[in-house]
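Reader: I should like a close look at one part of this protein, namely its salt bridges. Please set them in the context of the whole fold.

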Amino acid sequence: QKYVVAGFTKPLSTIYVKLAELIEDPTFGATTSFVMHYPLAMPSQEALGQPVGRAAFLDFVDVYPLLLSLFGEARECCLLRSGDEGDAAGDAVIHLRYGSGILGTLVLSAAAPGERLQVFGIGGSAVAERGAQLTLWKPGVTLPTRTEAMLGEDSLGARERRTVWREDLTD
C-alpha cells in the first residue's frame, strides 16, 4: 500500500491569514504567548512505529506549519502525554519556546470540541475558533467571573470585544 499526504495548507486558510494580519498590526503589540487546542489523539508508541498507526496522526502536518508561519521556529519543546509512559493513545500537551520569547502550548486531545487558537499580545488577544470565527479582545478587558459565566451574563460588552471575521456557513 502507498499513502499520499497533502499538508501544509492550514496557514493559507482565510481565518489564519486574517489572524496573521491582525497579530502583525502594531496596535496588537508584540505577541507574548499562545494556546492551541486541536482535536487529535496522540497515538501509542507502538502505533507510531507502524505506517498505518501513524496515519491517524498525519493531520498534525497541518498544525506545525501553521505555528511556524505565525511565530517562527520553536527553539525548545517539551512533550507531556497522558497515560502510562506513552504506551496508550491519548492526550498530549506540547510546550514550545521561541527565540523571540513567545511561549506556546499545543493541546492535542480527541475530546477537544474543535480547533481553537488563542494568541496573546501586549495590545490585546485574538481567538480563532473552528476555522469559522476570529475575535479580537482589547487590553484591559475584565473576563466574566465563573458565576457570571454560569448565569450567562455577559459583562464584556460589544465595545471590548469585536468579531473580526466570521465565515458565512449559510450555503
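How many helices and strands are there in the protein, and which side chains meet in a salt bridge?

Author: The model is a predicted one, in which local features need pLDDT of at least 70 and side-chain atom pairs count only at pLDDT 80 or more, while totals for chains, interfaces and linings use all residues. Residues are numbered from 1 along each chain as its sequence is written, and side-chain values use heavy atoms, with hydrogens and water left out.

The protein has five helices and eight strands; these are DSSP runs, helices being H or I of at least four residues and strands E of at least two, numbered from the N terminus. Their order along the sequence is α-β-α-α-α-β-β-β-β-β-β-α-β. Of the 171 residues, 36% are buried, where buried means under 20% relative accessible area, exposed over 50%, and partly exposed in between (1.4 Å probe, protein chains only). Among contacts (heavy atoms within 4.5 Å) with a separation of 6 or more, 62% join residues 24 or more positions apart.

Against this background, the salt bridges may be taken in turn. A salt bridge here is a side-chain nitrogen of Lys or Arg within 4 Å of a carboxyl oxygen of Asp or Glu, and the count by this rule is three. In general, side chains of opposite charge can pair when their charged atoms come close.

One salt bridge joins the side chains of Glu115 and Lys10, with an N to O distance of 3.0 Å. This pair links distant parts of the chain, 105 residues apart: Glu115 is in the loop between β4 (103-108) and β5 (116-121), and Lys10 is in the segment before α1 (14-24). Both partners are buried, Glu115 having a relative accessible area of 13% and Lys10 one of 14%.

Another salt bridge is formed by the side chains of Arg97 and Glu76, at 3.4 Å from N to O. Because Arg97 lies in strand β3 (residues 92-98) and Glu76 in strand β2 (residues 74-81), the pair ties together parts that are 21 residues apart in sequence. Arg97 is partly exposed at 43% relative accessibility, and Glu76 is also partly exposed, at 46%.

The remaining pair is Glu129 and Arg116, whose closest N and O atoms are 3.4 Å apart. Glu129 belongs to strand β6 (residues 124-129) and Arg116 to strand β5, so this salt bridge ties together parts that are 13 residues apart in sequence. Glu129 counts as partly exposed at 26%, as does Arg116 at 30%.
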